[in-house]
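Let us walk through this structure step by step, starting from one residue and widening the view until the whole chain is covered.

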Amino acid sequence: MSFILFLIAGFFSGLLGGMGMGGGTILIPVLTVFMGVEQHVAQATNLIAFLPMAAFTLKIHKENGLLKTQGLLSLVIPAVLASVAAGFVAALLPSVVLKKLFGAFLVALSVKLLTDVGFSFSK
């Protein structure tokens, strides 16, 4: 039964996330708050779920001519290195610290989205 609950949580998190927020902003809180999953596991699950979605999206964008490859390596290499470094740091941090950092990220994201919406209404 728990597998079905996780499947449903993943489906609806992906559905809502695909509407513009990003799946992790939904999936991680669902897994930690409602499903009782430890923060480290929830964040790792989100990253693993992201990989096939990113590959699929990249393929679609390339097929539609929306992929600009000029200067790509100068962005990808530092991003990969920073992601690996951040992953090692996250693995060393206690779950409580990760929860607080993720909560701060969600608050900052909410403020940014609210201010962006506010400015778009005034234009």
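A convenient place to begin in this predicted model is Thr 25, which is found in helix 2. Is Thr 25 buried or exposed? Because its relative accessible area is 10%, and buried means under 20%, Thr 25 counts as buried. Setting aside residues up to four places away in sequence, Thr 25 touches Phe 102, Phe 105, Leu 106 and Leu 109.

From this residue we can turn to the helix that holds it. Helix 2 covers residues 24–34, and eight of its eleven residues are buried, so this helix is largely enclosed by the rest of the structure. Those buried residues are Gly 24, Thr 25, Ile 26, Leu 27, Ile 28, Val 30, Leu 31 and Thr 32. After helix 2 comes Gly 36, a residue with a positive phi, near 75°.

Helix 2 also matters for the next feature, the largest nonpolar core. Which residues make up this core? There are six in all, namely Leu 27, Ile 28, Leu 31, Val 37, Ala 42 and Phe 102, and helix 2 gives the most to this core, with three residues. As general background, nonpolar side chains tend to be buried together in soluble globular proteins. One member of the core, Phe 102, is worth following further, since leaving aside its neighbours within four places in sequence, Phe 102 is in contact with Gly 24, Thr 25, Ile 28, Pro 29, Gln 39 and Gln 43. Thr 25, the residue we started from, is thus met again from the other side of the contact.

Some of these names return when we look at the open spaces in the model. The largest pocket has a volume of about 1,100 Å³ and is lined by 37 residues, of which Gly 24, Ile 28, Gln 43, Asn 46 and Leu 47 lie nearest its centre. Two or more lining residues come from each of helix 1 (2–21), helix 2 (24–34), helix 3 (39–63), helix 4 (72–92) and helix 5 (95–122), while helix 3 gives the most, with twelve residues. What classes of residue make up this lining? There are 22 nonpolar and 15 polar residues, and no charged residues.

The second largest pocket holds about 170 Å³ of space, and the residues that line it are Leu 47, Phe 50, Leu 51, Ala 54 and Ser 83. Here, too, helix 3 gives the most to the lining, with four residues, and by class the lining of this second largest pocket has four nonpolar residues, one polar residue and no charged residues. Leu 47, which lies among the residues nearest the centre of the largest pocket, is therefore one to look at twice, as Leu 47 also lines the second largest pocket.It remains to step back to the chain as a whole, which has five helices and zero strands and follows the pattern α-α-α-α-α when read along the sequence. Its C-alpha atoms fill a box of roughly 45 × 40 × 30 Å, taken along the principal axes. Of the 123 residues of the chain, 15% count as buried, and the accessible surface comes to about 9,300 Å², of which 77% belongs to carbon and sulfur atoms. Among contacts between residues at least 6 apart in sequence, 49% join residues at least 24 apart.

Definitions and conventions
Residues numbered from 1 in each chain as written. Predicted model: local features only at pLDDT ≥ 70, side-chain atom pairs only at ≥ 80, totals over all residues. Heavy atoms only, no water. 1 Å grid on protein atoms, 1.4 Å probe; cavity = no way out; pocket = protein on both sides within 12 Å on 5 of 7 lines; lining within 4 Å. Points joined across faces, edges and corners; volume = space filled by probe spheres on them. Nonpolar A, V, L, I, M, F, W, Y, C, P; charged D, E, K, R; others polar. Core = buried A, V, L, I, M, F, W, Y, C linked by side-chain atoms within 4.5 Å. Buried < 20%, exposed > 50% of the residue type's maximum accessible area, 1.4 Å probe, protein only. Contact = heavy atoms within 4.5 Å. Areas by Shrake-Rupley, 256 points an atom, 1.4 Å probe, with all protein chains shown as cover.
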